[in-house]
Amino acid sequence: MSQSFYLGDIVRVKETNERAMILRTYAEQQDEDDDTHHHQSSIPALYPNELALSVLYAKDDMIKYATRRVVSQDTVVLEDRSLSCGDAVKRSWSETESGQIMEVEVMSRLRHVLTGEPVEGWVSSTELVGALAVEVGDRVIYNDWLGVIEKVNEEATVECQLTNHYYKLLDMAGRLDPGCTAENIFCKKSALPAIPSLASNPTFIQEERDLSKETICQVRCLAVLVNWVAFSQKVPIEEQDDRHIPSRFWYGENLAKLTHVTSDVDHLARVGSKVRFKSPQFAEAHSFKPTLHKEGTIEFDIMQVVETKTKVTVLWQNGTETTESSINLIPHIYLNDHECWPGDHVMFKGDDDKRQHAVVQSYSSSDRTAEIRIVSGEDPAKDEIKLVSAIEVDPRGSRTKQHSVHPGEIVLTSISSNGYDLPHIPKIGHWEDPLEPDYIESVLYAQALVASRFSPSDTPFGFSNDVSKIDWYGEVKRLRPEDGMVEVVLPSGKVVVEHPGTLFCLIEEGEDIEGDGMEYEDEEGEGEGEGNQFQLVDGQAEGDDQEWEDNQDGARREKGWIGQRRDGEEDYGMEVDDWASVTLDHQDRGYFPKMDPFVSLSDRTSTSAEPQQPTVLIPPAERSIAAAPENVTTTDPSSSVELDVEPTQTTAPTSNTVEMLSLPDLLNQASSSPSTGSFGADHSPGSMKKDDPSWLRFDVLEHAPLDHHFLNKVVEKTNSSFMTRLKKEFKVLASSLPDTILVRSYGDRLDLFRCLIFGPPGTPYVDAPLVIDFYLNPSRFPFDPPLAHFHSWTAGKGRINPNLYEEGKVCLSILGTWSGSSTEIWSPNRSSLLQTLVSIQGLVLVREPYFCEPSYENLRGTPEVKIHSEDMMAFGSLLAYIEKAFVLTRAFILHALKYPIQGFESEISTFYFARGKLENVIDNSRRLIELGEQARGRGSGSGSVMEVGKEEEEGDGVGVLTMGGIIPLKDKPGL
């Protein structure tokens, strides 16, 4: 297998021996969204097996500048890979087990920036700090407030080596880099500042200055802008009123009042970066001597990193730890929702819907199981150790309350509880509103000018480094599975042990923690959202503004992005005629087909004050079908269009009690009631007659059910345009719905309808009932798409599909909840409700839902998903998602049988009893359990029966199950 490359990798070009950094890979290009593409439009589009490089030009082993180049990945060799604490990694794509980076040490080869003299031996990153006093993004503390540096204003001292004179530069937009020459700063010599001591010399000619001999020998910070993001949680309440938020602008001698606490050093030691030793002792150990300038008043001790090798300590999911080179590992980018490591605090969600805080002891990626310790009290020795399915474990949490903390995360500690029940860890912090750029520039420049004039010496303004008393801010080092405690490294380097219930996670810039969940369905102007885009990208983006070197064959690369199109994917969309061409004649007035209504048991409950009888789902043969009621004319008072329909006559819906039947009881009912034939008979969807009263594809009921998600929407006045379009939509639905898509509309709420979709064969959703509620805004439909809400019955165990959110969002271009091309988004002239429903069934309920994630479609056929697909024990993200979808949707079947879906009671009973689908579901689940246990007994590489690549017309698309799928299935009644 060819070697994989990633953003930031350091490689060596084989032919020229040049060192380079990877700017982009083809795989990462495929993952980028439009915004990222726009910001990186200067990087040309790549073809498979190509890399975009920043080739570091070196002279005498000193890196002088970089050029960009597109090359084949076969022409480079990996030298080093940058990893950080908390990153997830694997040894190869052929292995399922992943690890988490616990510690990072970067060893560097260094050279003096000005002289090029090499530094003796390899230098550890723990001995180094950045070349500058502070940089944008560094953290500082003042009076128990934690802040982040947003802007820095600096002053540089430039040495003219030919004349031995010096001059100063003030804030050159980030171009003041120690060791940088004037030719890298100024485009024209006429823009150069005059040298005061030579300005009166008649022999000195400004235009003849040699800019390559004028070098920055010192950079000192004069002023900074700070964003104060968080306050210490250890300050007593009675003292907090005295801790007012500090000023955002700091300059001159006041900078010494700020304590510099940034402790991340692994990012400093990268090829090309500039560093210095933390102390003279470290410099002496490597025989490094700084150079002196300006009569000894300036000491230049800055070095450049010319080569690196990274070693990391990895905690593997089985609980073992190793220390190895980073080039032996690959980033594990595509984590599934339930992947975790020893020590993680998670929420265990069993079949009884009970939520329990647990600590992971180990995780088996092949079996997809986790051994957890269910936390019951203060004594860990009394906690229950349990082997559970990974599907039942939630290690993530929500945006506002994440579960657990992880190595490398910044946390604040408290003197008491954080107020949340574990495993929830609250996030803390607030990023202040940005100031006007012109205002920032003017204030910082004025302050820097004052600092420079009142302190003309070359002594840098220092920040405080006394971090000995800071005990409330630190970085997570590791989590202890044996007792659930967390080790935190303070800025001083001291490691303290904290209870996770006293920790707060620091929010990142731009992170929104206001509110939890997504209020998507009520956002009338909803735009983009997460999920699959089902999109064809045509055309190219705007051109590149910079030249790139030719590729190997000498052909000049195109500027802009190359349009990508999904090849080989079946088009499930519909060609719908322009709605404007559809006319309704006199015969169309009664467009609803003559259907014999069925009696809805839940809707026929008495409206009297007497106690209600429990509703029990009865097989269809035991139902009594009522005679058809007389025609009911539904007339909207605000519209001149009259709908002549025959709604199923029901009483107003009332709340009802549902008898909790077990799965064996339901099976007994199925076997005891007459069926349309034996189990082996034809029960395919197409075998049902259209006039079968137990199977109505489309019907208009009298009342909307109380559990309709949009029932509380304000009833708006309808107009003739809405009613005319609605009649056309209903006519198409009544005549063209597939047998496995059922729709109910309501006479008292024509703006609402409900859809029941049965999962198609050959997918993990086979035979599962999926319910989606829709709302049509009378004042905006058909110009706006309908709003949709998916009823998820996963009990909080995660999504069954990337496009179907647990909170109900349905992410699809035609619904306006994801971006799409002009042919994919909703169009009042081209789109229809039927097209929307068929799109959900054909584009969402697919065999491999893993590829419904944004850009994951581009991973088809890559090593990331071809993880020994013939071997069940090598169960990758693709197969894990299939298994999860299958297991969770089996619970949908049980839910629909226990809690009848109002308006579809007859169809549910017919599908699972008369057609024998329930017995089929149970037999198939038992077969998968048996196959999975047999394959597990044989072990990896012994010829398991996984059939991932086979395109089955019928079946479940799963093959066999891991123990992670077997455990929750066995917990189901009847299995």
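**Sheets, helices and aromatic pairs in a predicted model**

Q: At about what angle to β25 does helix α12 run?
A: In this predicted model, helix α12 covers residues 963-970. The helix lies across two strands, β24 and β25. Its direction relative to β25 is given by an angle of about 105°.

Q: In what order do the five strands of the open antiparallel sheet stand?
A: β25 (384-389) and β26 (393-394) each have a single partner strand, so these two stand at the edges and one side of each lacks a neighbour in the sheet. Strand β24 (residues 369-374) is joined to β25 by six bridges, and the two run antiparallel. The full order is β25-β24-β23-β22-β26.

Q: Which residue in β25 does I374 stand opposite?
A: Strand β24 spans residues 369-374 and runs antiparallel to β25. In β25, the residue opposite I374 is E384.

Q: How many bridges join β10 to strand β15?
A: β10 (residues 139-142) also pairs with β11 (residues 145-160), in the antiparallel sense and over four bridges. With β15 (residues 259-260) the direction is antiparallel as well, and V140 has H260 as its bridge partner there. The number of bridges between β10 and β15 is two.

Q: Which residue takes a positive phi in the hairpin of β10 and β11?
A: Within this antiparallel pair of strands, R139 stands opposite V148. Two residues lie between the strands of the hairpin. The one with a positive phi, near 50°, is N143.

Q: How far apart, centre to centre, are W228 and W250 in their aromatic pair?
A: A search of the whole structure gives 18 aromatic pairs. In the pair of W228 and W250 the planes stand at 65°, which is edge-to-face because the angle is over 60 degrees. The distance from centre to centre is 6.5 Å.

Q: How many residues apart in sequence are the parts that W228 and W250 tie together?
A: W228 belongs to strand β13 (residues 214-231), whereas W250 belongs to strand β14 (residues 249-251). W228 is buried at a relative accessible area of 2%, and W250 is buried at 8%. The pair therefore ties together parts whose separation in residues is 22.

Q: Is Y439 buried, partly exposed or exposed?
A: Y439 lies in helix α5 (residues 437-454) and F249 in strand β14, so their pair ties together parts that are 190 residues apart in sequence. The ring centres of F249 and Y439 are 6.0 Å apart with planes at 85°, so this pair is edge-to-face. F249 has 14% relative accessibility and counts as buried. With a relative accessible area of 45%, Y439 is partly exposed.

Q: At what distance from the ring centre of W122 does K309 lie?
A: Another charge over a ring is that of K809, whose charged end sits 5.5 Å from the centre of the Y805 ring. K309 lies over the face of W122. Its distance from that ring centre is 4.4 Å.

Q: What is the average twist from one strand to the next in the open mixed sheet?
A: The mixed sheet has five strands, in the order β36-β37-β38-β39-β40. β36 (698-701) and β40 (787-790) have a single partner strand each, so they are the edges and one side of each has no neighbour in the sheet. From one strand to the next, the twist averages 20°.

Q: Which residue in β38 is the bridge partner of I741?
A: Six bridges pair β37 (residues 741-746) with β38 (residues 749-758) in the antiparallel sense. In β38, the bridge partner of I741 is I757.

Q: About what angle does the direction of helix α10 make with that of β38?
A: Helix α7 (residues 720-736) lies across β36, β37 and β38 and runs at about 20° to β38. Helix α10 (residues 905-914) packs on the sheet and touches β37, β38 and β39 (769-775). The angle between the directions of α10 and β38 is about 5°.

Q: Which residues form one aromatic cluster with W695 and F758?
A: F758 falls within strand β38, which covers residues 749-758. One aromatic cluster contains W695 and F758. The other residues of that cluster are F911 and Y912.

Q: How many contacts beyond near neighbours in sequence does the stretch of residues 514-547 have?
A: The mean pLDDT of the protein is 76, and 69% of residues reach 70 or more. Over residues 514-547 the pLDDT is below 50. Beyond near neighbours in sequence, the number of contacts of this stretch in the model is 106.

Key:
Residues are numbered from 1 along each chain as its sequence is written. This is a predicted model: local features need pLDDT of at least 70, side-chain atom pairs count only at pLDDT 80 or more; totals for chains, interfaces and linings use all residues. Side-chain values use heavy atoms; hydrogens and water are left out. pLDDT is the predictor's confidence in each residue, from 0 to 100. Contact means heavy atoms within 4.5 Å. Two strands pair if DSSP finds at least two bridges between them. Axes are lines fitted to C-alpha atoms, for helices over the stretch in contact, and angles run from 0 to 180 degrees between N-to-C directions. Rings of Phe, Tyr and Trp (its six-membered ring) pair if their centres lie within 6.5 Å; planes under 30 degrees apart count as stacked, over 60 as edge-to-face and the rest as tilted. Buried means under 20% relative accessible area, exposed over 50%, partly exposed in between (1.4 Å probe, protein chains only). A charge sits over a ring if NZ of Lys or CZ of Arg is within 6 Å of the ring centre and within 35 degrees of the ring normal.
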